[in-house]
Each structure stands twice: as structure tokens, then as C-alpha cells.
Amino acid sequence: MEQAQRSAATDAPGEPRRSHGAEREPGIGVPGDPRAGAEPRRNVELKALDPDPDASLARALQAGAIDHGVIHQRDTYFAVAQGRLKLREEEPGGATLIAYRRPDAAEERVSDYRLVRVTDAAGLRAALAETCGVRVEVVKRRRLLILETVRIHLDEVEGLGSFLELEAVADAGSDLSRERAQVEHLRAALRIPDGALQTGSYADAVTAGRPDPELLALARAAARNAYAPYSRFPVGAAVRTTDGRRYAGANVENAAYPQGQCAEASALGAMVAGGGGTVAEVVVAAPSRELCTPCGGCRQRLREFTPPDAPIHLVDDTRVRATTTLAELLPLSFGPDHLTA
């Protein structure tokens, strides 16, 4: 049991090793972990709203989890083109740079991640803010419990409320069947209903309703580079996928007018060339006094990759003029799901 607790404390995504009486070594990686800085690690995760943290704590202890106390954390998320990158500063615990990828789904999901121990958190935060830009900061109070190789997080997130997370750490080469079984067992023990399950990250929830600043910058930059000698109406568009990748495109006009291409089509083409995915957010930018919305054809193009409730921000050079959704832009739409019915 003690060895399992040590493994879970070392390997959970976004968490530095708890020292268990030993001093941490400075520099890259997690001390004592041969995989640190090499192959990415994995876990199976589940997140839910927690209406009664005291009851969740009691149920976790009754299930046999060991209480490791309270940790105060600040996560700074940086604007990156692929995946997610955050600097976690915690007390007690120090600082860790975390790079990870995972799908945004309500059900259990697999996360691939890398941890890098940081000795100069303030310096690294400043350097990454200058070069990448800061997307958002998330501040939380976390109560950590561990059962075998599963971390149980009882989180109070500033501005959001109470949440419960399960993270089952996978061994190298695991087929994840054990980890999925652990998560399902604890989900039942903690009485987590389907309606409480959450998608996305805390960063996504904090920024909900506000455009991703990097996506704004990409769309506006694309508009400045648009090829629109005939209409003189430059447009830029940018899309963010559910795993954090961002792609931009501009309108490209042609002397044979029908051969031109809209900004949204250009951005989606770049996304497909970059590996495809599901669109989580769209920005359409135009330096226009009038509201610039996607044309009918581009609304249908977006429908191929974009959920009906995904936000679509319509912006100019200085402000967000309106935020809508694909469902509002394209009601009673026809999409890929109709072909499989």
C-alpha cells in the first residue's frame, strides 16, 4: 500500500512528487522517476461538480483513501498552438511545468502529460508570458486523498465552486483496463451521478464566455494578411480544437470571383492539414463598421466540425461585437450525424 501511495503521489498529472520526508532534487523531471523528461505518462481522469464536499470526504475515507491534507495551487495557463501548457505553483510543494493533452469529455478520459520540476517559478512565468502570452490563471484549494494509485482531489476553485476529480495513474504499457476499473469503482463509492460530470478544464470554465486571447490575436493577424483586392473587405478566422490546437486563415479572393475562398474555409483547411479534430471555439475578425458573420456556405463548413453550442465570436480590430453559436447561425441544420442515422 505504501509503495502504491508513493507511485500515485509521484505520477499524477499536474502534480509534483510529494517528498515523503525526502528532499526534492532541483532541475528537470521528477526525482527518482526514470520516465521523467522521457516518454509521456498517462492517467485516466474523471471530473464532477461536488455539491457536498464534506460528504465526499467522508465517503473517500470510508473507501480506504489516505488523506494527504490541503494544498493551495495557482495554475498559469499559457497560449500554445498544441495541447496545453501550465505552470503550477503550490504551497506546500514548489513549482512544476506541465505539458499535457487530453480530450474534453464528460466521461472518463485519458491524459498524456509531461512534468518538469521548476526552481525559478517567477522567472519561468515571466519568460513564458512574454513569449507565449498568458491564457488564464486558475487558483484553487485542493484536498488530496490517495487510494492505491488513484488520486482523489476535492477542489474549491476560485470563481467556480466545488469539484471532485479522480486520476488513476497508469503504469508504462498498461492497457488502462485496471485504471478504468479503479475510476468506476470510486465513482460508485463516491456516488457521482451522470448529471454531475464535467467536460473541459478549470481554465476552460474560467474563460467561458470570453474569447481565447490567442485565438483573437490569430484571427486579427490573419485579417491583416487577407488577399482582398476586389472587395477590399479583409476577413480573418481562427478555430481552436478541443485539445487546444489553434489554426487561422484569411479570405483569398480571385479574379474569377467564384474561385475565391472565405477565411473560415481557410482556417478549417489548415486544421484538417494539421490533423483535424473537433472545433471548440471560433473567432471571425474584420476591420468593419458592420457586424461580419460567416456566410451561408461557411456556416455549413463549420457544421462539419463544430458542435451546435460552440461559441463563435464576431470581432473587429478593438472589440468583440457579438458572441453567438452555430445553432443560432444555422438553425435546423444538416450535418454528418444525419448521414449515420
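I take buried to mean under 20% relative accessible area, exposed to mean over 50%, and partly exposed to be what lies in between. I keep in mind throughout that this is a predicted model.

**Entry 1: the salt bridge of Arg303**

I began with Arg303, and because its relative accessible area is 11%, I wrote it down as buried. Its partner is Asp337, and I found the closest N and O atoms of this salt bridge 2.9 Å apart. The two residues belong to distant parts of the chain, since Asp337 is in helix H10 (residues 336-339) and Arg303 in helix H8 (residues 296-303), with their positions 34 residues apart. Is Asp337 buried or partly exposed? With a relative accessible area of 43%, I entered Asp337 as partly exposed.

**Entry 2: salt bridges between strands**

I then looked up the salt bridge count, which comes to 19 by the rule used here. As a reminder to myself, side chains of opposite charge can pair when their charged atoms come close.

One salt bridge that I followed joins the side chains of Arg88 and Asp75, at 2.6 Å from N to O. Arg88 sits in strand E3 (residues 84-91) and Asp75 in strand E2 (residues 66-78), so this pair ties together parts of the chain that are 13 residues apart in sequence. Arg88 is buried at a relative accessible area of 3%, and Asp75 is buried as well, at 1%.

I next turned to Arg142 and Asp155, whose side chains form a salt bridge at 2.8 Å, N to O. Here Arg142 is in strand E6 (residues 134-147) and Asp155 in strand E7 (residues 150-157), so the pair ties together parts that are 13 residues apart in sequence. I noted Arg142 as buried with a relative accessible area of 2%, and Asp155 as buried with 1%. Which residues are linked with Arg142 and Asp155 in a network of salt bridges? I found Lys47 and Glu165 in that network.

**Entry 3: the hairpin of E3 and E4**

Going back to E3, the strand of Arg88, I checked its pairing with strand E4 (residues 94-101): the two run antiparallel and are joined by 7 bridges. For Leu85, I recorded Ala99 in E4 as the bridge partner. The hairpin has 2 residues between its strands, and Gly93 there takes a positive phi near 140°.

**Entry 4: nonpolar cores**

I looked up the largest nonpolar core, which has 22 residues, and saw that Leu145, Ile152, Leu166, Leu190 and Ile192 touch the most other members. At least two residues of this core come from each of strand E1 (41-49), helix H2 (53-62), E6, E7, strand E8 (161-169) and helix H4 (177-190). I then listed the contacts of Ile192, leaving aside neighbours within four places in sequence, and obtained Leu46, Ala48, Leu164, Leu166, Arg187 and Leu197. Apart from this core I found another one, of 19 residues, which includes Leu268, Ala286, Leu314 and Leu330.

**Entry 5: a nonpolar surface patch**

Last, I turned to the surface, where Tyr227, Tyr230, Val252 and Tyr257 make a nonpolar patch of about 450 Å². Where does Tyr230 lie? I placed Tyr230 in the loop between helix H6 (213-224) and strand E9 (236-241). Because its relative accessibility is 40%, I counted Tyr230 as partly exposed.

How values were computed: Residues are numbered from 1 along each chain as its sequence is written. This is a predicted model: local features need pLDDT of at least 70, side-chain atom pairs count only at pLDDT 80 or more; totals for chains, interfaces and linings use all residues. Side-chain values use heavy atoms; hydrogens and water are left out. Patches are made of residues with over 30% relative accessible area and no salt bridge: like charges are joined within 9 Å, nonpolar side chains (Val, Leu, Ile, Met, Phe, Trp, Tyr) within 5 Å. Accessible areas come from the Shrake-Rupley method with a 1.4 Å probe; for residues, only the protein chains shown count as cover. A salt bridge is a side-chain nitrogen of Lys or Arg within 4 Å of a carboxyl oxygen of Asp or Glu. Helices (H or I, at least four residues) and strands (E, at least two) are DSSP runs, numbered from the N terminus. Buried means under 20% relative accessible area, exposed over 50%, partly exposed in between (1.4 Å probe, protein chains only). Two strands pair if DSSP finds at least two bridges between them. A nonpolar core is a set of buried Ala, Val, Leu, Ile, Met, Phe, Trp, Tyr and Cys residues joined through side-chain atoms within 4.5 Å. Contact means heavy atoms within 4.5 Å.
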